2 protein chains.
Amino acid sequence: MCAKRAQNYDCPVRDVLDRVGDAWSVLVILELSKGNARFNALSRVVGGISPRMLSVTLRHLERDGLVARTVIDVKPPQVDYGLTELGRSLYRAIGALSHWAEQHQPAIRESRTAFDSAQDVAA
Amino acid sequence: MCAKRAQNYDCPVRDVLDRVGDAWSVLVILELSKGNARFNALSRVVGGISPRMLSVTLRHLERDGLVARTVIDVKPPQVDYGLTELGRSLYRAIGALSHWAEQHQPAIRESRTAFDSAQDVAA
DNA sequence: GTATTAAGTTACTGTTGGTAACCACTTACG
DNA sequence: CGTAAGTGGTTACCAACAGTAACTTAATAC
């Protein structure tokens, strides 16, 4: 976004947020932080994700060097996905934001409720 | 996302990432971290944002209690926007991620280039 | 009277996020 | 031998939403 319209902003943060901002990416990184996994295993455990979305998400993460894809040449070929070192370091960074999120979620929830009921009155 | 399809996951992180994942939200928070500003001032300084998107973004941020909207009752009524304490604390949290982003951007860029050229060969 | 600035809103469009259905291949079961 | 179920995805399609362009209301200046 920043890069695309990039009038004044050259923004490394956007590169990361474009990836992190995606719901599935985070869930997949969270899952993989527990250990490597294969496609269908992820598919089952992430819950609600479709094969396509998983495929797309994994390819994005692989492209950014956050996830490594390894084909194991057994008879029905298996594919193993795991976090790279870069991926693990991002996981830690997300952890910090996640911490903030947990701490302040009540405040946000409260604010939203207040805002919404104020809107209802206005309407 | 998490909340919407919320099969298994009740995820406070998503609440925050839905907001942070949006390009404009971050840019606006960054801008407001420098000091309060009015609508058209923001419009000019953010660069590339349309009135609608600014309006939408600000209302989201206000709803989440990150930004305060103050109407000043002068003759052409003015509206002042500024970060709340919650907003400032999020700004600091974003800072951490931003730091990670700056540190690792070269690695990500490199990985993308490598990945893309590998794809080109394959095609 | 028409131009500008304030702070947005409305109506529309194009991209993209997401679903449902399908594919090719191998092993297991009856 | 046929068919079901697991592997790892792709293709075709649609709806929602992000984003743009144009308009609004009201006041002050020229």
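This is a conversation between a visitor and a guide about reading a predicted model.

Visitor: Where should I begin, and how many helices and strands does chain A have?

Guide: Begin with the elements in their order along the chain, keeping in mind that the model is predicted. Chain A has six helices and three strands, and when read along the sequence these follow the pattern α-α-α-β-α-α-β-β-α. Of the 123 residues in chain A, 30% are buried, and among its contacts between residues at least 6 apart in sequence, 44% join residues at least 24 apart.

Visitor: Which strands of chain B pair with strand β3?

Guide: In a regular strand the side chains alternate between the two faces of the sheet. In chain B, strand β3 (residues 78-83) pairs in the antiparallel sense with strand β1 (residues 37-38) over two bridges, and B:Arg38 stands opposite B:Asp80 there. Strand β2 (residues 67-72) of chain B also pairs with β3(B) in the antiparallel sense, over six bridges, with B:Arg69 having B:Tyr81 as its bridge partner. Between β2(B) and β3(B) the chain runs through a hairpin of five residues.

Visitor: How are the two protein chains related, and what turn lays chain B on chain A?

Guide: A turn of 180 degrees, with a shift of 0.0 Å along the axis, lays chain B on chain A with an RMSD of 0.1 Å. This is the relation of a two-fold axis. To find that axis in the view, look for B:Gly21, whose C-alpha, at 1.9 Å, comes closest to the rotation axis of the residues of chain B.

Visitor: How many residues does each chain bring to the contact, and which element of chain B gives the largest share?

Guide: Chain B brings 40 residues and chain A brings 40 residues. On the side of chain B that touches chain A, at least two residues each come from α1 (2-5), α2 (12-20), α3, α5 and α6 (85-122), and the largest share, 17 residues, comes from α6(B). That side of chain B divides into 20 nonpolar, eleven polar and nine charged residues. Because 100% of the interface residues of chain B are also interface residues in chain A, the copies meet through the same surface.

Visitor: Which residues touch the most other members of the largest nonpolar core?

Guide: In soluble globular proteins, nonpolar side chains tend to be buried together. Here the largest nonpolar core has 46 residues, and A:Val26 and B:Val26 touch the most other members. Leaving aside residues up to four places away in sequence, B:Val26 touches A:Val13 and A:Leu17 in chain A, as well as B:Val20 and B:Ile94 in chain B.

Visitor: Turning to the DNA, which residues come nearest to strand D, and which are closest to strand C?

Guide: Around DNA strand D there are 18 residues, of which A:Arg38, A:Asn40, A:Pro51, A:Arg52 and A:Val79 come nearest. The elements giving two or more residues to that surface are α4 (39-46), α5 (51-63) and β3 (78-83) of chain A, together with α3 (23-32) and α5 (51-63) of chain B. DNA strand C is likewise surrounded by 18 residues, and the closest are A:Lys75, B:Arg38, B:Asn40, B:Pro51 and B:Val79. For strand C, the elements that give two or more residues are α3 (23-32) and α5 of chain A, with α4 (39-46), α5 and β3 of chain B.

Visitor: How do the residues of these surfaces divide into nonpolar, polar and charged?

Guide: The surface near DNA strand D has ten nonpolar, four polar and four charged residues, and the surface near DNA strand C has ten nonpolar, four polar and four charged residues.

Definitions and conventions: Residues numbered from 1 in each chain as written. Chains lettered and ligands numbered in written order. Predicted model: local features only at pLDDT ≥ 70, side-chain atom pairs only at ≥ 80, totals over all residues. Pairing = 2+ DSSP bridges. Helix = DSSP H or I, 4+ residues; strand = E, 2+ residues; numbered from the N terminus. Core = buried A, V, L, I, M, F, W, Y, C linked by C-beta atoms within 7 Å. Buried ≥ 20, exposed ≤ 12 C-beta atoms within 10 Å, placed from the backbone. Contact = placed C-beta atoms within 7 Å. Least-squares fit on C-alpha atoms with pLDDT ≥ 70 in both. Near = placed C-beta within 6 Å. Nonpolar A, V, L, I, M, F, W, Y, C, P; charged D, E, K, R; others polar.
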